[in-house]
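Trainee: Before we begin, could you take me through the assignments in this structure and set each value against its rule?

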Amino acid sequence: MDWKVLASALAIGITAIATAYAQAKIGAAAVGALVEKKELSGVMIILIAIPETMVILGFVVAVLLLGR
Amino acid sequence: MIVPMERIRLIGPRRLASRVISALYRAEVLHIVQPTLDPLFPISNSTPLSLLEEEKTTLSAVNKLLGEIQLALSRLPEIVAPPPSLEGGAIEAEISEKGDEERLLEVSKGPLSEALTSILDAVREEDGLDGEIKEVSVYLRLFKEFQPLLARITTLSRMEIAGLVFSRDHARSCDDVEKRLEEVTQGACAFFRGKSLESGILAVALYPQSQGDEVRKRVFRDRVRPIHIPERFERDTYASTLRWLISQENELKEKRKEIEEILSDLSRRWRPALVSSEAALHRLALAIAAESFLAEKEAAFWISGWVPACERSSLGRLLELEFKGAVVLYSHSPEPDEYPEVPVQLKNPCWVAPYEHLIEWFSPPAYGTADPSPLLAVTIPLFFGLILGDVGYAAILAGMAWLLLRLAPRRPVALDAARIILFCAISSALLGVLYGEFFGGLWVSLGLGEPAFQRKEHPQLFLVGVVFLGAVHMVLGNLIGAWVEYKRRSLRGTLGKFCDTALVASAAWTGSMLLGGGNLSPALGSLGVAFVLKMATSGWMEVVLETPRTISSIFSYGRIMALGLASVILADLAQDARGMTGNVLAGLVLALCLHSLNVVLGLYSPIVQTLRLHFVEFFGRFYAFGGVPYSPLRNR
């Protein structure tokens, strides 16, 4: 078995799950906040994008692993 | 660019206060502040001006009239162009030369007042009719459902009629109610079941009035909520009630049509006069309300506020011309300790101005710091292009910008959004040529030439490139931060920012060597020197906190490569769709779906991630939130 493939899949999969979990929590809170203060929409979009760093870095790691 | 501001103070006789306020509204340059917030207020022995009794009465009358006019205008139908000979047009021409206060008299006492009363009467009548039509139509719908009853019910005299609604899940309750009604009334009743509708099952129950209480108590209980027909709708028989409801509905609709015609006529005659009177009264209300921003001492008043430095002389000329020296204007440039109070106005060329909206999402930069809009105008399209980088998708983006302009040609926000999209499309097209991408691999398939750099073939090189670009971006942010600190006259802050710059540059160098496999020693040496310098200026605690943040911020730019690769892989997948399905038509549909998904993702992700890189990584280096938006006195 090629361990690099498994490691790449884990790098993407685990970070994707973590990102999804964080975005679900932030998204729900963001909707609640937006009901109260509509002018926060810009900040909320950025806040929702912050956890994406995990999966994006996971993708980078996966590419680096597969490229070696 | 943040427009330089000057603090101004106007001093004049109390009797001229409202005229000065009117002049300031016309000038549209003064950002007025409460006198109590002026540093001179505590030592001036003055008091905030309170409205005179007469002014309070006028303000209340103006606000009442404004409310009425706004209600009338919201209900009057729009008209294309009123004939000038009509009564309202003539009055409008007559009073348009008058001042705002004379207009108030005209609206409250003149023919305009009578017209306003007629409009409001018609509006009230229309509202009443709407309510009645709605009520009648509800009962009519119920009665029409039971038209077969016409033949069977001959009289409603001394009978009580109740409409019943059963939810579809409780159809059995309907049988139960029917059975119990027969028991309670000993057969002196009628029960009719309607069709099963989405809202439930409708039914009508008839029973003697004398047994009404018993039926309600023993049959309906709390389970069934009967709908009683109001007494005023009841006629002798079911048929006559239905006939009456139909005729009543038609009659009410006729009446409503008449009212609509009356309102159209009134709109044709009076709308222009009402629109201009609304503007005049609004000005008057603002002018009176603005007097609460004045301070007074004996027979004098003073106003404190901010104006753009370039507008100061024109404001001085205007006041001199109107008040012949009776009102004096003092001004000075703000000192650094006044910066938190200074309002911020951004002024940029037309190709930069759209990016100001992105900054407005948060808050304007504090006065005395830097406006990042010109940088955003370069880096946002650049990052967007680096991520999307496809000639085909760029063409779709350009089409969307054109469509946006066609759909909302007069909306400034739409124009600005279209400009940003267009700049991003241009950048995507240029980088698409560099990457050799046209809807993914179609560029190569069509033989459009050898690409200069294929990012999917060299992901590591692409990663090193974007990380290096990120480092340059952050170095730029730190240099701006150093300039801002220098302007604030903070030597320690300036040195700290320079050390941050050295730290970022050396960290990027080290990272590039690690990823690219170059000579690590000089890079590590520079990183060590940067550490020592940073520790000397900011202390070890800040170094401990700042270093991981800096390194993670630099690597965060790796998202440009990650999203870019995801975009190109998805586009390639769409190209291979035909081979995957083995059918031309299915392949075409799949390719279309995948390209559409890529366009949507290609629009959303690069915008959000590019903004995130700016707001979190870049702005964190220099941007000071908390600027007060510049909001001058103006009529609208």
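Mentor: Let us start with Ser605(B), whose place is in helix H23 of chain B, where helices (H or I, at least four residues) are DSSP runs numbered from the N terminus. This is a predicted model, in which local features need pLDDT of at least 70 and side-chain atom pairs count only at pLDDT 80 or more, while totals for chains, interfaces and linings use all residues. Residues are numbered from 1 along each chain as its sequence is written, chains are lettered from A and ligands numbered from 1 in the order in which they are written, and side-chain values use heavy atoms, with hydrogens and water left out.

Trainee: Why is Ser605(B) called buried?

Mentor: Buried means under 20% relative accessible area, exposed means over 50%, and partly exposed lies in between (1.4 Å probe, protein chains only). Ser605(B) has a relative accessible area of 13%, so Ser605(B) is buried. Leaving aside residues up to four places away in sequence, Ser605(B) touches Leu563(B) and Thr610(B), contact being heavy atoms within 4.5 Å.

Trainee: What makes the pair Arg75(B) and Glu126(B) a salt bridge?

Mentor: The rule asks for a side-chain nitrogen of Lys or Arg within 4 Å of a carboxyl oxygen of Asp or Glu. The side chains of Arg75(B) and Glu126(B) meet at 2.8 Å, N to O, and the pair is therefore a salt bridge. Arg75(B) lies in helix H3 (residues 53–75) and Glu126(B) in helix H6 (residues 111–145) of chain B, so the pair ties together parts that are 51 residues apart in sequence. Arg75(B) is partly exposed at 25% relative accessibility, whereas Glu126(B) is buried at 6%.

Trainee: What other partner forms a salt bridge with Glu126(B), and how do you know that the pair links distant parts of the chain?

Mentor: Arg256(B) does, the closest N and O atoms being 3.4 Å apart, and Arg256(B) sits in helix H10 while Glu126(B) sits in helix H6, 130 residues apart. Arg256(B) counts as buried because its relative accessibility is 19%. Salt bridges that share partners join Arg75(B), Glu126(B), Asp127(B), Asp130(B), Arg256(B) and Glu260(B) into one network.

Trainee: Why is the contact between Arg268(B) and Asp265(B) called polar?

Mentor: A polar contact is a pair of N or O atoms within 3.5 Å; within protein, one must be able to donate a hydrogen and the other to accept it, and residues adjacent in sequence count only if both atoms are side-chain atoms. The side chains of Arg268(B) and Asp265(B) come to 3.1 Å, and they are therefore in polar contact. Arg268(B) itself, in helix H10 (residues 238–290), is partly exposed because its relative accessible area is 37%.

Trainee: How many salt bridges and polar pairs does the rule find across the interface of chain B and chain A?

Mentor: There are zero salt bridges across that interface, but two residue pairs are in polar contact, both at pLDDT 80 or more. Helix H17 (459–487), helix H21 (558–575) and helix H23 (584–618) of chain B each supply at least two residues of the side that touches chain A, and H21(B) gives the largest share, seven residues.

Trainee: How do you know that there are no disulfides?

Mentor: A disulfide is a pair of cysteine sulfur atoms within 2.5 Å, and a search of the whole structure finds zero over all chains.
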